[in-house]
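Me: I would like to learn how to read the features of a protein model, one at a time. Please take me through the one shown here.

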Amino acid sequence: DESAESPEEISCVVKLFKPKHIIDSHSIGKEFICSALAREFDLDTPDAYLIDVYDEDFISVLPPEAVRELDNKHHGFTFGSRLVNAAIVNEELRPNTFSIWDCATLFGFDCMILNADRWGHHKKANLLIDDDGFILIDHELSFHFIDREDDGAYNLILKNLEDNSCPSAYTKHLFYNRLKQYKGSKKDLFD
């Protein structure tokens, strides 16, 4: 904060990626893009930062095993987010913890960004909860169609849209069954 008298030190979670993930999957970019898009849906994500874990002052305070861990990771700026005080969503919290509106918003968001994590394939919710609601984390497994040089995956997405069909992965989403079984009016659910 440039207006602060002195810099504020905050705790962050830093995502360390292998160089292959940066080159093949654009993981750092996806994290930033999805974090910004989530806010457009009024979904909460921790504040995002560009972090240089190879800064000499930072490395000097790390234990030797942490420095060795950095050896096979991407050398350069990476994605980091403010550490939040929240619990990880697990099987016991899923059914009725969130309002149906929150479930629909998150489902719609994940469908838009093609988020593979909350679709059940990886068995990770990548969702935190605190007193104010849920907090979205980890979006590097999104927008898979930009991971390849050819347009095959992108064209398949366009074909699905034209055919008014959804990939079967959507039925494995964290909130799919809750939304499908919802007995109330679905007319405005995804507004």
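Reply: Two strands count as paired if DSSP finds at least two bridges between them. Keep in mind that this is a predicted model. With that rule, take one bridge: Ile-129 has Phe-134 in strand 6 as its bridge partner.

Me: Before the details, how many helices and strands does the protein chain have?
Reply: The protein chain has seven helices and six strands. Along the sequence they follow the pattern β-α-α-β-α-α-β-β-α-β-β-α-α. The C-alpha atoms fill a box of roughly 55 × 45 × 35 Å, taken along the principal axes.

Me: How should I read a sheet, and which strands form the one with strand 6?
Reply: In general, the strands of a sheet pair through backbone hydrogen bonds, in a parallel or an antiparallel sense. Here, three strands make an open sheet in the order 4-5-6, and the pairing is antiparallel. Its edge strands are strand 4 (87–88) and strand 6 (133–136), each of which pairs on one side only.

Me: Over how many bridges does strand 5 pair with strand 6, and over how many with strand 4?
Reply: Strand 5 (residues 127–130) pairs with strand 6 over four bridges, in the antiparallel sense. The two form a hairpin with two residues between them. Besides the bridge of Ile-129 to Phe-134, Leu-127 stands opposite Leu-136 in strand 6. Strand 4 and strand 5 pair over two bridges, also in the antiparallel sense. For that pair, Leu-128 in strand 5 is the bridge partner of Ile-88.

Me: What is the strand order in the sheet that holds strand 1, and why is one side of strand 1 left without a neighbour?
Reply: This open sheet of three strands has the order 1-3-2, with antiparallel pairing. Strand 1 (12–14) and strand 2 (48–51) stand at its edges with a single partner strand each, so one side of each has no neighbour in the sheet. From one strand to the next, the twist averages 35°. Strand 1 and strand 3 (residues 78–82) run antiparallel and are joined by three bridges. One example of a partner across strands is Gly-80 in strand 3, which bridges to Val-14.

Me: Turning to helix packing, at what angle do helix 2 and helix 5 pack, and is their crossing left-handed or right-handed?
Reply: To read a packed pair, take the angle, the distance between the axes, the handedness and then the residues in contact. Helix 2 (residues 27–40) and helix 5 (residues 100–113) pack at about 145°, and their axes are 11 Å apart. The crossing of helix 2 and helix 5 is right-handed. Cys-34, Leu-37 and Ala-38 in helix 2 meet Phe-109, Met-112 and Ile-113 in helix 5. By class, the residues of this contact are six nonpolar, no polar and no charged.

Me: How is empty space found, and how much of it lies in the largest pocket?
Reply: The general idea is to roll a probe the size of a water molecule over the atoms, which shows where empty space is left. In this model, the largest pocket holds about 380 Å³. It is lined by 17 residues, and the closest to its centre are Leu-114, Ile-157, Asn-160, Pro-167 and Tyr-170.

Me: Which elements give two or more residues to that lining, and what is its make-up by class?
Reply: Helix 5 and helix 6 (152–162) are the elements that give two or more residues to the lining of the largest pocket. Helix 6 supplies the largest share, six residues. By class, the lining has 13 nonpolar, four polar and no charged residues.

Key
Residues numbered from 1 in each chain as written. Predicted model: local features only at pLDDT ≥ 70, side-chain atom pairs only at ≥ 80, totals over all residues. Heavy atoms only, no water. Axes fitted to C-alpha atoms, helices over the stretch in contact; angles between N-to-C directions. Left-handed = near helix turned anticlockwise from the far one by under 90°. Contact = heavy atoms within 4.5 Å. Nonpolar A, V, L, I, M, F, W, Y, C, P; charged D, E, K, R; others polar. 1 Å grid on protein atoms, 1.4 Å probe; cavity = no way out; pocket = protein on both sides within 12 Å on 5 of 7 lines; lining within 4 Å. Points joined across faces, edges and corners; volume = space filled by probe spheres on them.
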